[in-house]
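Here are my notes on the model you sent over. I've kept them as numbered points so you can go through them with the viewer open.

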Amino acid sequence: MTSSSWEEFHTAEPAFADAVRARFGQYRHHVLATLRKDGSPRVTGLEVDFRFGELWLGMMPNSRKALDLRRDPRFAVHANPGPDADMTDGDVRVSGRAVEVTDPDVLARFVEEMNPPQPFHLFRTKIQEVVRVSVEGEELAVRTWRPGKPVRTILLRGEAEAPEGS
């Protein structure tokens, strides 16, 4: 499956990328899904960072989520839905593969900018899908982007559920 950096996504679909980033910016903590050794899902909290044209995932050393990503880089990160059911800015998630950064220059640049607790694991994301679900009038709008393809929008009326894979 094709993947891209955050910058490539933003270049391809700037308005969509801005809406997704703004939604992540509403809260500090979000939900990361990784895969355990046995293939079952693990869901944990984490902070995300948009910097240097990338979407970064940082985590404590040898945390379960870091070990999961080292073993199997597939992930999904879901923006914090907030304190109530309002979700006026929609629901967003990004999925793809996480690549651990070990380059000392990149790590030093990140530390200089962010001053994270150390030591830490830093992962650069390679995006394979971005989804935003929002209510627009009487419809549920499901927007999906994948590298090399335009945004696909599905509008659902009434009590219908989002399509499989969205």
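Is His-30 buried or exposed? I'd begin there, bearing in mind that this is a predicted model.

1. **His-30 and its surroundings.** His-30 is buried, because its relative accessibility is 3% and the cut-off for buried is under 20%. You'll find His-30 in strand S1, which covers residues 30-35. The side chain of His-30 gets to 2.9 Å from the backbone nitrogen of Asn-80. Neighbours within four places in sequence aside, His-30 has contacts with Phe-24, Thr-44, Gly-45, Leu-46, Val-48, Val-77, His-78, Ala-79 and Asn-80.

2. **Phe-24 and the main core.** Phe-24 is a good next stop, since the contact list of Phe-24 includes His-30 too. Other residues touched by Phe-24, again without those up to four places away, include Val-48, Phe-50, Val-77, Val-92 and Val-94. The largest nonpolar core has 25 residues, and Phe-24 and Leu-57 are the ones with the most contacts inside it. At least two residues of this core come from each of H1 (6-12), H2 (14-25), S3, S4, H3 (64-71), S5 (74-78), S6 (91-100) and S7. H2 gives the largest share, four residues.

3. **A second core.** Don't overlook the separate core of five residues, which includes Trp-56, Val-101, Phe-110 and Leu-122.

4. **Strand pairing.** S5 and S6 are antiparallel partners, paired over five bridges. Arg-74 is set opposite Arg-97 of S6, an Arg-Arg pair you may want to look at. S6 and S7 also run antiparallel, joined by 10 bridges. Here Val-94 sits opposite Val-130 of S7, and Val-94 is also one of the residues that Phe-24 touches.

5. **Salt bridges between strands and elsewhere.** There are 12 salt bridges in the structure. In one of them Arg-124 meets Glu-54, with 3.4 Å between the closest N and O atoms. This pair ties together distant parts of the chain, Arg-124 being in strand S7 and Glu-54 in strand S4, 70 residues apart. Which of the two partners, Arg-124 or Glu-54, is buried? Glu-54 counts as buried at 13% relative accessibility, whereas Arg-124, at 24%, counts as partly exposed.

6. **Arg-93 and Asp-91.** This salt bridge has its closest N and O atoms 3.7 Å apart. Asp-91 counts as buried, with 14% relative accessibility, while Arg-93 is partly exposed at 22%.

7. **Glu-136, Arg-143 and a network.** The side chains of Glu-136 and Arg-143 form a salt bridge with an N to O distance of 2.7 Å. Both partners are partly exposed: Glu-136 has a relative accessible area of 34% and Arg-143 has 21%. Beyond that pair, Arg-42, Asp-68 and Arg-71 make up one network through salt bridges that share partners.

8. **Both ends of H4.** Helix H4 takes in residues 104-114, and at its start a side-chain oxygen of Asp-103 comes to within 2.7 Å of the backbone nitrogen of Asp-105. What happens to phi just after H4? Asn-115 takes a positive value there, about 50°. Asn-115 belongs to the loop between H4 and S7 and is exposed, because its relative accessible area is 62% and exposed means over 50%.

9. **The cis peptide.** Please have a look at the bond joining Gln-118 and Pro-119, which is cis, with omega at about 0°. Pro-119 lies in the loop that runs from H4 to strand S7 (121-136).

10. **Phe-52.** Where does Phe-52 lie? The loop between strand S3 (48-51) and strand S4 (54-59) holds Phe-52. Phi of Phe-52 is near 60°, a positive value in a residue other than glycine. Phe-52 counts as partly exposed, with 26% relative accessibility.

Key: Residues are numbered from 1 along each chain as its sequence is written. This is a predicted model: local features need pLDDT of at least 70, side-chain atom pairs count only at pLDDT 80 or more; totals for chains, interfaces and linings use all residues. Side-chain values use heavy atoms; hydrogens and water are left out. A polar contact is a pair of N or O atoms within 3.5 Å; within protein, one must be able to donate a hydrogen and the other to accept it, and residues adjacent in sequence count only if both atoms are side-chain atoms. Buried means under 20% relative accessible area, exposed over 50%, partly exposed in between (1.4 Å probe, protein chains only). A nonpolar core is a set of buried Ala, Val, Leu, Ile, Met, Phe, Trp, Tyr and Cys residues joined through side-chain atoms within 4.5 Å. Contact means heavy atoms within 4.5 Å. A salt bridge is a side-chain nitrogen of Lys or Arg within 4 Å of a carboxyl oxygen of Asp or Glu. Two strands pair if DSSP finds at least two bridges between them.
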